[in-house]
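The following exercises concern empty space and helix packing in a protein. Please work through each task before reading its solution.

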Amino acid sequence: MIDMPLTPSRLALARKRKGLTLTRLAKLSGVSSRSLSDYENGRTTPTPQTVEALAAALEVRLGFLYASELEDIPVDRVSFRALTKMTASQRDSALAAARIAVLINEWVERRFKLPPPDLPTLTGQRPETAARDLRGIWGLGESPISNIVHLLEAHGVRVFSLPHSCREIDAFAFFWCRQPFVLLNTTKSGERGRFDGSHELGHLVLHSEYEIPHGREAERDADRFASAFLMPPAAVRAKRLHNASVDRILLTKKQWGVSAMALNYRLNELGMLTEWGHRANASNLSRMGYRRGEPEGIPRESSQLLSKVFRQLGPGRTTIADLAGDLDLTIDELNHYVFGLVTTAIRGGGQTTPQRTDLRVVN
C-alpha cells in the first residue's frame, strides 16, 4: 500500500480516459461524487484504501494515480472535427488519450533519437498552394506518396492510434511543446487512413500551434489540402481522366492510394468532371458500397518508427512490460496507442519496412 497523496490531475485523467462521469465512477468505486470532486480538485486527499478502490474501478495501475501532475491539453489546440456534435465524454476521453500518447512519446524520446519536427508554417496560404509548397519543400515532386504515416514520422510528426473507446472520432492533430502529434482511427480503411493523415497534416501546417480553429471552414481547408497533397493537379491531369467513368476511377485510384469517392471529387474540383458527371459517379459508387467503405481496398499503413522502437525492446534490454511499468500503464492500455500501427506489438514483434526514419538508441 502506497502512503503518499493522490495526484488530482491523474485521477481526473484516468476518469476521463474511461469516459466516466463523477456519478458513474461513484457507482463503480463506492466513493461519493462529492468526495471524487474534492479529490480531483485537491481539496481533500483520499485514504490509501480509497485510492486502491479507485484504481480498481478505473482499471489503472495504482502508481498511475500517484505519479507526477499532468497538464491538460487545451481543447482549442486540438483539431477536433465537428466539435459541437461531440459529447463531453467523447471530447474528454480523446483529450485524455492524447495526453497519454504524449507520455509514451516522452518515454521513447528519452531512449531513442527521433527525427525532429520539420514542418513549415504555411498559415494564411490557400490549401492547394500550401500542399504544392510542402511537396516542394519535402522534395516530393508530383509522385504518388507511398506511405503517409512513414512520411509524417520522417518529418518529426509522432503518430499514434486512437483507443477503441474513441472509435467515433476519425482522427485529430495537435502540438505539445512544439512537437506535432497525429492520432489516427485505425479501424478505418487504408484509403481513409491516408486521407485522414493528410488532412491532419493540413491542420498542422495551415494553423497555429497555439490554436487550431474548429468549424466547417477549417475542416474544408484541411480536406482541400489533403486532396491536393495526395493528388497533385499536374499528375492527375496527366492521366487524362476527363469525363472519367466509375470503371476508370476504380482502376486509377490505387495509384494515389485514395478512395474512389475522393478521386471522383478531385476530378470535379479540377474541372475534369462536370457537376452532373460527378454526382452520377458518386451515386453509382454509393450503390456499389464505396460510400461506406472501400471494397478490395489497400491495407492500412503501419508505423515505421514505432516498429523500430518495439523491435529493440526484448530479452536482455528494456521490454514492453518495462515501458508500461515506467509509465504506470497496463499493457492493454499501452497497446491501444500502437494497435494497427505495429504488428504484434505486445509480443515485441514488428514488420520490415523501408529504412527511412532515423532512429538510434540514446546511450
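**Exercise 1. The largest pocket**

Task: State how much space lies in the largest pocket of this predicted model, and describe its lining.

Solution:
- Step 1. The volume comes first: the largest pocket holds about 790 Å³ of space.
- Step 2. Its lining consists of 27 residues. Those nearest the centre of the pocket are Arg 192, Phe 195, Ser 259, Met 261 and Ala 262.
- Step 3. Two or more lining residues come from each of helix 8 (190-206), helix 9 (216-230), helix 12 (260-269) and helix 13 (275-287).
- Step 4. Sorted by class, the lining of the largest pocket comprises 14 charged, seven polar and six nonpolar residues.

**Exercise 2. The largest cavity**

Task: Determine how many cavities of 30 Å³ or more the whole structure has, and identify which element gives the most to the lining of the largest cavity.

Solution:
- Step 1. Searching the whole structure yields one cavity of 30 Å³ or more.
- Step 2. The space in the largest cavity amounts to about 50 Å³.
- Step 3. The cavity is lined by Asn 105, Val 108, Leu 114, Glu 153, Arg 158, Val 159, Phe 160, Leu 305 and Leu 306.
- Step 4. At least two of these lining residues are supplied by each of helix 5 (88-111), strand 2 (158-161) and helix 14 (304-311). Strand 2 gives the most, with three residues.
- Step 5. By class, six residues of this lining are nonpolar, two are charged and one is polar.

**Exercise 3. Helix 6 and helix 9**

Task: Classify the arrangement of helix 6 and helix 9 from their crossing angle, and describe their contact.

Solution:
- Step 1. The axes of helix 6 (residues 127-137) and helix 9 come within 8 Å, and they cross at roughly 40°.
- Step 2. Because of this angle, helix 6 is oblique to helix 9.
- Step 3. The crossing of the two helices is right-handed.
- Step 4. Helix 6 contributes Pro 127, Glu 128, Ala 130, Ala 131, Leu 134 and Arg 135 to the contact. From helix 9 come Asp 221, Arg 224, Phe 225, Ala 228, Phe 229 and Leu 230.
- Step 5. The contact of helix 6 with helix 9 has eight nonpolar and four charged residues, and no polar ones.

**Exercise 4. Helix 11 and its partners**

Task: Describe how helix 11 is placed with respect to helix 13 and with respect to helix 12.

Solution:
- Step 1. The axes of helix 11 (residues 246-256) and helix 13 come within 10 Å and cross at roughly 70°. Helix 11 is therefore roughly perpendicular to helix 13.
- Step 2. In this contact, Val 246, Ile 249 and Leu 250 of helix 11 meet Asn 281, Asn 284 and Leu 285 of helix 13. Four residues of the contact of helix 11 with helix 13 are nonpolar, two are polar and none is charged.
- Step 3. Helix 11 packs against helix 12 at an angle of about 95°, and their axes are 9 Å apart. These two helices are therefore roughly perpendicular to each other.
- Step 4. The residues in contact are Ile 249, Leu 250, Thr 252, Lys 253 and Trp 256 of helix 11, together with Ala 260, Leu 263, Asn 264 and Leu 267 of helix 12.
- Step 5. The contact of helix 11 with helix 12 has six nonpolar, two polar and one charged residues.

How values were computed:
Residues numbered from 1 in each chain as written. Predicted model: local features only at pLDDT ≥ 70, side-chain atom pairs only at ≥ 80, totals over all residues. Heavy atoms only, no water. 1 Å grid on protein atoms, 1.4 Å probe; cavity = no way out; pocket = protein on both sides within 12 Å on 5 of 7 lines; lining within 4 Å. Points joined across faces, edges and corners; volume = space filled by probe spheres on them. Helix = DSSP H or I, 4+ residues; strand = E, 2+ residues; numbered from the N terminus. Nonpolar A, V, L, I, M, F, W, Y, C, P; charged D, E, K, R; others polar. Axes fitted to C-alpha atoms, helices over the stretch in contact; angles between N-to-C directions. Parallel < 35°, antiparallel > 145°, perpendicular 65-115°, else oblique. Left-handed = near helix turned anticlockwise from the far one by under 90°. Contact = heavy atoms within 4.5 Å.
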